[in-house]
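Open the model in your viewer and keep the sequence panel beside it. The stops below say what to select and what is found there.

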Amino acid sequence: MAFPKWVSLIFVILMFWPTFILSLDSYTISSNFLDEANKSEVFDWMVEIRRKIHEYPELAYEEVNTSKLIRERLDELDIPYTYPIATTGLIGKVGTGNAPFVALRADMDALAIQEEVEWEHKSKVDGKMHACGHDAHVAMLLGAAKILKTHESELQGTILLVFQPAEERGAGAKKVLDSGLLDNVTAIFGLHVSPGFYVGGAASRAGAYLAGSGTFEAVIIGKGAHAALPHESIDPVVAAATIIISLQHLISREADPADSQVVTVATLEGSNAYNVIPDSVTLGGTFRAFEVIRQLQSRVQEVIISQANVSRCNATVNFFEEEKPLTPAVINDNDLYEYYTRIATALLGAENVYESPLTTVSEDFAFYQEELPGLLYYIGIMNDTVGQEPSHTSTFQIAEEAFPYGAALHTTLATTYLSKLLGSSKAKSYRPVL
């Protein structure tokens, strides 16, 4: 029997009514986040936080004052948190306390670099600087927390605010995971600042994104002698030179040209006298790859030891696995990438959303992605006067007008994803151990 068109329409609406409500709720929650992040009570608050952290940078697992400042700001917002995690880290919680759970992550540590930018809030700690933007990451996640708290009654689940130590050196992400406090999380999002494009832009890519990385140090042991009598030595300097050249052959003659890999020797130390052949030489560096990081590590060790033996020297190789475990490649979840692209496009405009190229820098966000779906993306921090200097340099700067975009993306990605998960079989149905 045929039904009138209006009866069929009502049937369709009733069938999909939860979806209509979900879409409306998601839009209602997220539509004004960028406007809210631009308000002075949020923007000025983020800038003040960032500048305080920037003035007193702290290295991996030393982020005591940074962590204290974060806790003070969460206390102001009446946001509960678990502390300490991974020595100096903490995880805040906004929402119902029930499933589904989504996490947002910011790293906290600085670098051992002397800042050379003269400005009012220059680092006051000699030899330390926030040269990678982690001070801004903290400020933007706190900005998102401030906005989220005002919408807490609207949230359909729980958002975990992960303030992580030791991204630069120390695999802080792995220690956060080892705490078990993210076991119930359905997805995790992380942002990173980038001087590669202007404020208001965002970039990421699906699948393999950033390379896995490892660090090595080799001690080449020979026999010292007077530089005028090289035949009386077993010269570790010549052995080190041979090793450095041979390590480059791992890339030029063993690596698939379509598979980006890097081996860089960045330190070399021997005698401090021009007329002395030393007993030993120490060299060190990094290696990077996307899919064959363990294989590359093995070959680095083989080349160093075998080439030392050819030169009648002995060699020991240290990969610092205890202090800095081998970092896997950042591999973005394909579904999360598609979701992020839709959100970023709606928030920023299609012309400001870019697909990133593969790059051989590394990020310990990859540890999270080994355990749960994760998405790392970049936001632009460049304007016509600042933000054009590369990260990990003494002249690195940030255009602070980027902060509302980061806070709004954090907030929109998390809240809308919670709504998306509502009623989904992907949403885990138990509480986090917080």
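Of the 434 residues in the protein chain, 53% count as buried; buried means under 20% relative accessible area, exposed means over 50%, and partly exposed lies in between, with a 1.4 Å probe and protein chains only. This is a predicted model, in which local features need pLDDT of at least 70 and side-chain atom pairs count only at pLDDT 80 or more, while totals for chains, interfaces and linings use all residues. Residues are numbered from 1 along each chain as its sequence is written, and side-chain values use heavy atoms, with hydrogens and water left out.

**The whole chain**

Show the chain as a cartoon. It has 11 helices and 16 strands; these are DSSP runs numbered from the N terminus, with helices being H or I of at least four residues and strands being E of at least two. The C-alpha atoms fill a box of roughly 100 × 60 × 45 Å along the principal axes. Among contacts (heavy atoms within 4.5 Å) with a separation of 6 or more, 81% are between residues 24 or more positions apart.

**The annotated binding site**

Select Cys132, His134, Glu168, His192 and His392. An unreviewed UniProt entry annotates these residues as "binding site"; UniProt positions are given in the numbering used here, feature names are shortened, and annotations may be inferred rather than shown by experiment. The annotated residues are spread over 261 residues of sequence, yet they cluster in space, with a largest C-alpha distance of 13.2 Å. Cys132, Glu168, His192 and His392 are included in the lining of the largest pocket. On a 1 Å grid over the protein atoms alone, a pocket is an open set of points where a 1.4 Å probe fits, with protein on both sides within 12 Å along at least five of seven lines; lining residues have an atom within 4 Å of a point.

Centre on Cys132, in the loop between β3 (101–107) and α5 (134–150). Cys132 counts as buried because its relative accessibility is 7%. Leaving out residues up to four places away in sequence, Cys132 touches Leu111, His137, Glu168, His192, Val193, Ser391, His392 and Phe396.

Move to His392, in the loop between β16 (374–382) and α11 (403–421). Is His392 buried or partly exposed? With a relative accessibility of 39%, it counts as partly exposed. Beyond residues up to four places away in sequence, the contacts of His392 are Leu111, Ile113, Ala131, Cys132 and Glu168.

Then pick His192, which sits in strand β5 and is buried at 6% relative accessible area. Residues up to four places away aside, His192 touches Cys132, His134, His137, Glu363, Tyr377, Tyr378 and Ile379.

**Strand β16 and its partners**

Select residues 374–382, the span of β16. Nine of the nine residues of β16 are buried, so the strand is largely enclosed by the rest of the structure. In a regular strand the side chains alternate between the two faces of the sheet. Here Gly374, Leu376, Tyr378, Gly380 and Met382 point one way, and Leu375, Tyr377, Ile379 and Ile381 the other.

Add β5 (residues 187–198), which runs parallel to β16 and is joined to it by eight bridges; two strands pair if DSSP finds at least two bridges between them. One of these bridges links Ser194 to Gly380. Next add β6 (residues 202–204), antiparallel to β16 and joined to it by two bridges. Ala202 of β6 has Ile379 as its bridge partner.

**The nonpolar cores**

Colour Leu74, Leu161, Phe163, Phe189 and Tyr340. Within the 68 residues of the largest nonpolar core, these touch the most other members. A nonpolar core is a set of buried Ala, Val, Leu, Ile, Met, Phe, Trp, Tyr and Cys residues joined through side-chain atoms within 4.5 Å. Apart from it lies another core of 27 residues, including Phe101, Ala173, Leu177 and Val330.

**The annotated domain**

Finally, select residues 212–304, where the unreviewed UniProt entry places "domain: Peptidase M20 dimerisation". The span is 33% helix and 35% strand, and its end C-alpha atoms lie 21 Å apart. Inside it, find Ala240 in helix α7 (residues 236–254). Ala240 counts as buried, at 1% relative accessibility. Apart from neighbours within four places in sequence, Ala240 is in contact with Leu268, Val281 and Leu283. The C-alpha atoms of Ala240 and Gly270, 30 residues apart along the chain, are separated by 9.7 Å.
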